[in-house]
Amino acid sequence: MSQQEDRSEVWERYRDIKWLMEIIDLPLCLDRLNIEMSKTTGLNWEGFCPDHMLFKGCLPSDPRWYINTDTGETCCQTEGRGSNILFIAARLLKIPNSQRVSEEDCEKAISFLAGRDISENDISFLRTQSLLKRISCPKKVSVTPGKRYVDEIEKGMKTGYLSSQAINYFLSPVGKPQTNINIDTLKHFHVFERTTGKYVNRATIPIIMMGKVEGFVAIDILGKQEWIKLHPTLEEKDYRKTVYPGLYAGFSKKDIVYGYDECEKNADFIILTEGAREVMKLWQEGFKNSLAILGAYMNDEQILLLTKLAPKKVVLMFDGDGPGRKISQKVKERLEKLFTVEVVELPDGVDPKQLDRNQIHFFLEKAK
Ligand SMILES: [Zn+2]
């Protein structure tokens, strides 16, 4: 299974390019980018990896690079590296060429591929158009996590083991303000602890979509030094990373919103947050209509899922800090053509996990 682009904010924003694929002339684009193709029939076309040199320092010897003509996703089998045509165009158009791709590089590459100037407003319009098409013809959720992971998670859910260290982590995470997420809430959400294997010393939160386990969020429950010392295989860079099976097994969070199964349909409002723990805390405080987008960007599939719940209103409640406000602004831009959207502005340094019922009510009122 191929490794995806670095999970940067730019990649999150431009990993889904179906809206772009709908307006470009792919054969012409490949030709203009000097990409040599060996097969251009069917859904997956085949050719020579165009940015192989940048990553491997040599030209590809065989045509083992594939592009999905529907999604624009690409894969170099020699490298085991996945990407998409937009990122590749952005790389090839840079002078000098380089691996790193910025927001501006993507904007330039979009105009190049489309063969005309495309503004930020156009992008927003195209995304919504593409989405509206798919709302009338909903695509089925197509996540296939490795069976071994599913078995392990289901087994863990049954045992439900949680050490006092894990409970303490949720109650008052190291170096963070108190959250008061209690043991009953953890049990309700099937949180369990991994005691062996890759995710040892982590609290594991299963992600259940339509009755099926589709992945998990794993959070280390120890301090940094202890974690490195006790962890059998992983290196420092993996510290505290939230993981999903599919980084290794073809899973992506794109068809997932945390809390989906529990969320009421046709509710007066749905609260949208960043992470699973926010959903837990809001649920604990009596707000059962909470969902988490699990990251810094909301993609089309997640928005489709939200439309299926048909809330009368969507309330955004992200962290009261720079990144949180940025996410909030971006999500608002994506949602306001489809829903009534309200934004809760939390004070600096405050995140939803710290709030009790009364405080949540206060901020909800203020957002109106
Ligand atoms: Zn390659």
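A residue counts as buried when its relative accessible area is under 20%. Keep that cut-off in mind as we walk through this predicted model. Of the 368 residues in the chain, 51% are buried by that rule. The chain is built with 16 helices and twelve strands. On the outside, about 17500 Å² is exposed, and carbon and sulfur atoms supply 51% of that area.

How does the chain fold back on itself? Take the contacts between residues at least 6 apart in sequence: 65% of them join residues at least 24 apart.

Now let us look inside. The largest nonpolar core has 46 residues, and Y258, L272 and L335 have the most contacts within it. Helix α14, residues 300-309, gives this core its largest share, with five residues. The core also draws on two domains, taking at least three residues from each of domain 2 (147-255) and domain 3 (270-367). Apart from this core lies another one, made of 34 residues, including L20, L26, A89 and V101.

It is worth pausing at Y258. Setting aside neighbours within four places in sequence, Y258 is in contact with a long list of residues, among them F189, I205, P206 and I207. Other partners of Y258 include A276, V279, M280 and L294.

Next, find strand β7, residues 202-209. Is this strand enclosed or open? Seven of its eight residues are buried, so β7 is largely enclosed by the rest of the structure. Strand β7 has pairing partners too. With strand β6 (residues 192-194), β7 pairs in the antiparallel sense over three bridges, and A203 in β7 is the bridge partner of E193. With strand β8 (residues 212-220), β7 also runs antiparallel, joined by eight bridges. One place to see this is T204, which stands opposite A218 in β8. Strands β7 and β8 form a hairpin with two residues between the strands, and M210 in this hairpin takes a positive phi near 50 degrees.

Our last stop is a glycine in a loop. G320 sits between β11 (314-316) and α15 (322-335). Is G320 buried or exposed? Its relative accessible area is 3%, and the cut-off is under 20%, so G320 is buried. What does G320 touch? Leaving out neighbours within four places in sequence, G320 is in contact with R325, L346, P347, D348, G349 and V350. Of these, D348 shows how the fold brings parts of the chain together: G320 and D348 are 28 residues apart in sequence, with 4.8 Å between their C-alpha atoms.

Terms used:
Residues numbered from 1 in each chain as written. Predicted model: local features only at pLDDT ≥ 70, side-chain atom pairs only at ≥ 80, totals over all residues. Heavy atoms only, no water. Core = buried A, V, L, I, M, F, W, Y, C linked by side-chain atoms within 4.5 Å. Buried < 20%, exposed > 50% of the residue type's maximum accessible area, 1.4 Å probe, protein only. Helix = DSSP H or I, 4+ residues; strand = E, 2+ residues; numbered from the N terminus. Domains from an automatic or database assignment. Contact = heavy atoms within 4.5 Å. Areas by Shrake-Rupley, 256 points an atom, 1.4 Å probe, with all protein chains shown as cover. Pairing = 2+ DSSP bridges.
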